[in-house]
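Reader: I would like a close look at the helix packing in this model. Which helices touch, at what angles, and through which residues? Carry on to the strands afterwards if they round out the picture.

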Amino acid sequence: MFDLHAAALTRNNPWLRPLLTVLGHAQGQGMPLDLLHAAALAVAPEFRDLPVPPSRNETRSALRQAAFYLRTTADEDQRLLYRYFHQALADHAAPAADPQTVYRAIREVVFPEAAGRPDWARAQPYLKRHAAGHAVLAGRPAVDELLVDPDFLLHADPDYLTPCLSSASSPQAVHHARLYRTTVTHHWNRHDLAARRSLLAIDAAAWRDEHLAHLIAEAPLDHRPALLAPRWSTGHRIDPARLHTLAGHRHPVESVATAALPDGRIAALTGDRIGEVLVWDLLTGQRIGRLTGHEGPVESVATAALPDGRTAAVTRNELGEVVVWDMGTGRQVHSPLAGHIEPVHAVATAVLPDGRTVAVTGDHRGVVRVLDLSTGGEIHPLLTGHATSVGAVATAVLPDGRAVAVTGDANGVVFVWDLSTGGEIHPLLTGHATSVEAIATAVLPDGRTVAITSGWRATMVVWDLTSGQQIDRLAGHATSVGVIATAVLADSRAVAVTAGNECEVLVWDLSTGRKSRSLAGHTGDVVTVASTVLPDGRHIAVTGDENGMVLVWDLMAEGRIDVLPGLPDPVKAIAPAVLPDGRTVAVTGDRRGRIHVRDVATGSRIHHLSTGRPEPVKAVTSAVLPDGRTVAITGGQRRNVGVWDLTTGRLIHAPNLHLGSVEAVASAVLPDGRTVAVSGDASGRVFVWDVTTGELLHAPLTRHDTVRFVASAVLPDGRAVAVFGSRWYGVSVWDLATAEEIHPLFAVHDAAVEAGTTAVLPAGRAVAVTGDAAGVLVVWDLTTGEAIHPPLTGHQRSVHDAVSTVLPDGRTVAITSDWSGVVIVWDLTAGERIHPPVAVAASMPSLAATESGILVGAGHDLTCLTWHLPSRDSDRSPR
């Protein structure tokens with residue numbers, strides 16, 4: 001019917017024929033008229049070559065004639081978008097036009113810059129969304145052409161570009177695709193153009209691509225380049241093996257499994273602590289579904305293909321029951337599988353020799369059951385032998401064709417069961433002195449079927465399942481190994497992918513027993529892993545961590561590249577210091593009690609110091625002693641403070657002062673020349689002590705609540721003061737020489753005070769800047785105790801850190817960060833924001849100001865940003 005009517009329409013108006021063809025290529029909500037017009041002229045050059053080619057008005061009139069088959073929608077720039085009302089019509093019409101011709105025609109509509117390159121900043125929204133999609137249809141060279149253009153990377157819509165990244169083929173395009181995946185594809189603020197510019201520039205610096213970092217930072221937004229440009233950034237999250245970041249969970253991911261869907265797509269199923277179960281296309285990294293109605297944490301999940309062609313997921317619910325889901329519909333196949341009296345802790349699936357698909361489950365009492373997934377019935381009487389809770393289950397097929405299950409319990413005992421008969425194949429396998437935490441199986445290149453088991457210790461055991469003998473032990477993790485998956489790579493190597501209570505994932509060659517590579521990029525402990533093969537033949541692993549991050553890895557990708565190494569644990573505090581030899585260094589503390597010193601000019605490591613206690617270093621500052629030594633002063637979780645010589649890396653002394661966790665520390669020089677430290681703790685007490693001797697100067701200053709920040713300043717009359725804030729008791733100013741409170745500052749904040757700093761304005765006025773849990777900042781005059789501006793607003797989340805500095809043009813500014821990873825620079829004299837905010841990859845970034853810029857510690861990485869100042873008449877933006 002459509003063809004007959006279209007033929008009649010095109011007989012009356014031949015120009016409608018190429019338009020109907022090009023409409024089949026419209027993506028999303030439709031294509032705007034000017035692009036339809038250009039593409040139709042390209043696919044039908046006989047119209048373009050007429051003495052008077054069709055005009056856009058004629059195109060608009062022709063589309064009205066076909067209005068019955070079309071749907072129109074207004075785009076964000078109010079252009080009208082045209083598309084067929086049903087995808088079947090588009091699929092029918094599209095083959096008549098060459099996708100490459102369509103792509104070239106619509107790309108030429110982008111306004112050119114003076115240098116001849118497309119000006120993607122001025123491109124219409126349709127092209128920012130769909131140019132990459134058209135390029136994929138046109139072929140890999142077209143995709144490469146877009147990806148090597150930094151301006152396109154900056155302005156393209158991330159949600160539409162991300163699925164196209166896997167089509168990159170040239171070395172530079174592949175490099176840019178990897179760089180783009182590092183943060184932008186999944187960052188919560190990726191749709192903000194200024195945030196995208198800072199994320200791309202910082203990631204380019206982390207990949208050691210200084211040229212691209214410079215081009216991105218120089219790209220003007222509202223005719224202005226970035227205020228802060230990256231000098232260097234460490235590369236904890238940089239790994240060529242990283243394919244996708246699956247962003248969707250807001251709670252710890254507890255389990256992951258992979259499956260082949262009936263339509264041929266390879267999917268991952270991820271479950272978290274609150275019962276959210278998401279389904280992902282592993283080729284594109286896009287979410288394609290969810291399982292609705294899951295009750296409680298998703299602690300175990302497995303997948304299987306049912307005999308009727310459906311793909312099933314098997315999970316345990318809040319009551320410890322086994323639930324079977326249809327991954328196609330997202331609904332339960334039948335009621336929870338019965339049989340277990342105690343909660344189920346582990347589940348795996350297998351196909352029996354007779355074709356039945358089964359689940360093997362282990363519960364808290366040590367009972368193992370084999371359940372038919374199609375009927376929900378039990379195949380065998382319960383398998384008994386374990387004396388305590390079964391926490392790990394895996395399945396395998398032996399060389400003789402038998403399907404077996406391998407189960408491990410809390411006593412470190414492992415059983416191997418014949419799934420067809422329900423009988424025990426081997427006497428119990430012992431090799432673990434503690435509970436078995438994880439089991440996986442694999443087939444080695446020599447044909448042997450093996451199981452890899454792990455316990456609370458860092459060593460894994462490899463067993464020959466035919467003989468029941470231990471054949472190897474794998475050692476290399478620093479902590480206990482909690483998850484294992486296996487894969488057979490394209491080069492026939494059998495590998496194990498393992499993780500423990502740490503952020504690093506290790507890959508092992510099971511034939512040699514050696515570690516073949518590490519995968520770094522997680523920001524929390526990795527708690528689940530699975531593996532599969534994509535339709536294009538790539539062998540991948542999927543890993544999930546306690547922060548809700550799920551990463552997809554190409555197990556055959558090249559090894560780690562040469563980047564500045566990140567930090568082994570997330571940054572908790574950061575401070576700058578200048579050594580006697582003139583070098584500026586960054587001092588950072590992490591959650592395991594380690595202190596790292598880096599050269600700010602190069603990012604290279606100078607010292608690695610340890611408090612000797614594996615608890616967080618929560619506060620860091622620096623000072624210069626009267627004898628000229630530069631020291632770092634640190635505060636930790638267990639009431640400890642320390643003074644470190646930054647030249648030698650040695651601990652000078654550690655005064656025993658605090659009764660609670662040290663939350664904040666600052667340094668000051670008293671009028672008599674003594675260098676003092678001011679440290680505040682979780683019990684609400686603030687101590688002032690001599691940094692050289694470690695002696696206490698006064699009785700503690702008490703605020704009756706956790707001290708959130710401490711800062712020091714010198715008033716115009718010469719007094720050295722400390723400003724400190726507590727969560728519920730506001731902000732106060734104390735004279736450090738006399739230990740007397742000068743005045744409290746609590747007239748403006750309506751939420752808990754979280755961060756603060758001090759500064760001196762060009763007129764000589766000493767001020768404090770304090771930020772609260774509502775994201776509001778207040779600037780106070782320290783002499784009068786009065787706010788000098790209305791509250792500054794711009795942060796959408798709680799303020800996390802605040803520092804101050806003087807710009808090269810003489811302006812005094814505060815730099816503040818919030819829980820969402822947004823960094824804002826404020827002009828303290830004018831009381832307004834300078835430039836759009838800077839975005840960083842991780843939440844709750846710590847800050848430090850240097851002579852040339854700022855240091856940002858976020859997650860496992862440290863970034864050095866330098867000032868890049870525009871002209872004074874164009875650098876202000878609304879608050």
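Author: Start with handedness. A crossing counts as left-handed if the near helix is turned anticlockwise from the far one by less than a right angle. Clockwise makes it right-handed. Keep in mind that this is a predicted model.

Now take helix H7 (residues 99-107) and helix H9 (residues 140-147). Their axes lie 11 Å apart, and the packing angle is about 20 degrees. Angles under 35 degrees count as roughly parallel. H7 is therefore roughly parallel to H9. The crossing of the two is left-handed. H7 brings Tyr-103, Arg-104 and Arg-107 to the contact. H9 answers with Ala-142, Glu-145 and Leu-146. Sorted by class, that contact holds three nonpolar and three charged residues, with no polar ones.

H9 has another partner, helix H8 (residues 125-138). Here the axes come within 6 Å and cross at roughly 150 degrees. Ala-131, Ala-132, Ala-135, Val-136 and Ala-138 make the contact from H8. Ala-142, Val-143 and Leu-146 make it from H9. The class count is eight nonpolar, no polar and no charged residues. Ala-142 and Leu-146 appear in both contacts of H9.

Next, helix H13 (residues 193-206) and helix H14 (residues 210-218). Their axes come within 7 Å, crossing at roughly 165 degrees. That angle makes H13 roughly antiparallel to H14. This crossing, too, is left-handed. On the H13 side the contact uses Arg-197, Leu-200, Ala-201, Ala-204 and Ala-205. On the H14 side it uses Leu-212, Ala-213, Ile-216 and Ala-217. By class there are eight nonpolar residues, one charged and no polar.

Another helix contributes to an aromatic pair. The whole structure has seven such pairs. In one, the ring centres of Phe-2 and Tyr-84 are 5.9 Å apart with planes at 85 degrees, so the pair is edge-to-face. Phe-2 sits in helix H1 (residues 2-12), while Tyr-84 belongs to strand E3 (residues 80-84). The two are 82 residues apart, so this pair links distant parts of the chain.

On to the strands. One open sheet has four strands in the order E5-E31-E30-E29, paired antiparallel. Strands E5 (242-246) and E29 (526-533) stand at its edges with a single partner strand each, so one side of each has no neighbour in the sheet. From one strand to the next, the twist averages 20 degrees. E29 runs antiparallel to strand E30 (residues 539-545), and seven bridges join them. Across that pairing, Val-533 faces His-539 of E30.

Another open sheet of four strands follows the order E10-E11-E12-E13. Its pairing is antiparallel as well. Strand E10 (301-305) and strand E13 (331-332) form the edges, each pairing on one side only. Five bridges hold E10 and strand E11 (residues 311-316) in antiparallel register. Val-301 stands opposite Thr-315 of E11.

Last, a hairpin. Strand E32 (residues 571-578) pairs antiparallel with strand E33 (residues 584-590) over seven bridges. Ala-573 has Gly-589 in E33 as its bridge partner. Five residues lie between the two strands. Gly-582 takes a positive phi there, near 95 degrees.

How values were computed
Residues numbered from 1 in each chain as written. Predicted model: local features only at pLDDT ≥ 70, side-chain atom pairs only at ≥ 80, totals over all residues. Heavy atoms only, no water. Pairing = 2+ DSSP bridges. Axes fitted to C-alpha atoms, helices over the stretch in contact; angles between N-to-C directions. Parallel < 35°, antiparallel > 145°, perpendicular 65-115°, else oblique. Contact = heavy atoms within 4.5 Å. Nonpolar A, V, L, I, M, F, W, Y, C, P; charged D, E, K, R; others polar. Phe/Tyr/Trp six-rings, centres within 6.5 Å; stacked < 30°, edge-to-face > 60°.
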